[in-house]
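Please read this report alongside the sequence and the model. It covers a sheet, the helices on it and a surface patch.

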Amino acid sequence: MRRFISAVILFWLIGFLAFVVTLPNPAAIEGSDAVQTDVVIVPTGGAGRIARGLNVLDAGAARALLVSGVDREVKPAEFAAQFEVDEARMECCVTLGFAAVDTRSNAAEIAQWVRENNVKSLRLVTTDWHMLRAAGELERALPDDVAVVRDAVASQPSVSSLFLEYHKLLASWAASVVDL
């Protein structure tokens with residue numbers, strides 16, 4: 001029994017270290033490495049996410065932006081003012097989603113919007129420490145023919161934030177196995 005417990009702890013530790021040292025990087029939005037997608041998707045919750053999504057839109061790397069999980073109290077005009085988005089840009093290219101409250105419901109809200117708008121490729125913008133779980137939840141919810149580009153917002157998370165996110169990731173993986 002001691003060996004089993006030691007093996008589980010070792011497996012957990014190796015997994016945590018791999019999670020920490022392999023945090024993803026931002027994807028290119030300009031130049032020869034840039035990937036064009038139909039839309040850019042930003043789940044709310046982390047610093048720099050919405051700004052990065054708007055930068056992707058401004059660079060022409062996507063034609064539209066969905067911000068998922070916006071607080072129901074936020075009015076589009078308030079969003080536009082806070083992020084300096086002009087009215088024409090809001091009207092043509094920015095959609096605010098108000099249905100999501102967590103990562104799993106972000107995936108459901110995004111998948112529904114993707115189906116309704118016939119999206120075939122998207123760029124997921126979220127914080128580096130959140131990317132693995134967010135992309136996993138999203139890819140399980142999306143139709144199989146939708147390509148996902150992962151575009152991480154670099155951050156400097158605390159060890160406790162990484163610890164918490166790693167456990168949420170493990171729980172997400174376990175839930176996906178049970179759902180199969």
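The sections below go through the basis of the model, the sheet, the helices and the patch.

## Basis

This is a predicted model, in which local features need pLDDT of at least 70, side-chain atom pairs count only at pLDDT 80 or more, and totals for chains, interfaces and linings use all residues. Residues are numbered from 1 along each chain as its sequence is written, and side-chain values use heavy atoms, with hydrogens and water left out.

## Sheet

Five strands (DSSP runs of E, at least two residues, numbered from the N terminus) form an open sheet in the order 3-2-1-4-5, with parallel pairing; pairing requires at least two DSSP bridges between two strands. Strand 3 (94-96) and strand 5 (147-153) are the edge strands, each pairing on one side only. On average, neighbouring strands are turned by 20° against each other, direction ignored; axes are lines fitted to C-alpha atoms, for helices over the stretch in contact, and angles run from 0 to 180 degrees between N-to-C directions.

Five bridges join strand 1 (residues 39-43) to strand 2 (residues 64-68) in the parallel sense. I41 has L66 in strand 2 as its bridge partner.

## Helices on the sheet

Helix 5 (residues 103-116) lies across strands 1, 2, 3 and 4 (strand 4 is 121-127) and runs at about 150° to strand 2. Helices are DSSP runs of H or I, at least four residues. Helix 6 (residues 131-141) packs on the sheet, touching strand 4 and strand 5, where contact means heavy atoms within 4.5 Å. The direction of helix 6 makes about 145° with that of strand 4.

## Surface patch

M1, F4, I5, V8 and I9 form a nonpolar surface patch with about 560 Å² of accessible area together. Such patches take residues with over 30% relative accessible area and no salt bridge, joining nonpolar side chains (Val, Leu, Ile, Met, Phe, Trp, Tyr) within 5 Å and like charges within 9 Å. A salt bridge is a side-chain nitrogen of Lys or Arg within 4 Å of a carboxyl oxygen of Asp or Glu. Areas come from the Shrake-Rupley method with a 1.4 Å probe; for residues, only the protein chains shown count as cover.

V8 is found in helix 1 (residues 2-21). With a relative accessible area of 41%, V8 is partly exposed, a class between buried (under 20%) and exposed (over 50%).

Definitions and conventions. Buried means under 20% relative accessible area, exposed over 50%, partly exposed in between (1.4 Å probe, protein chains only).
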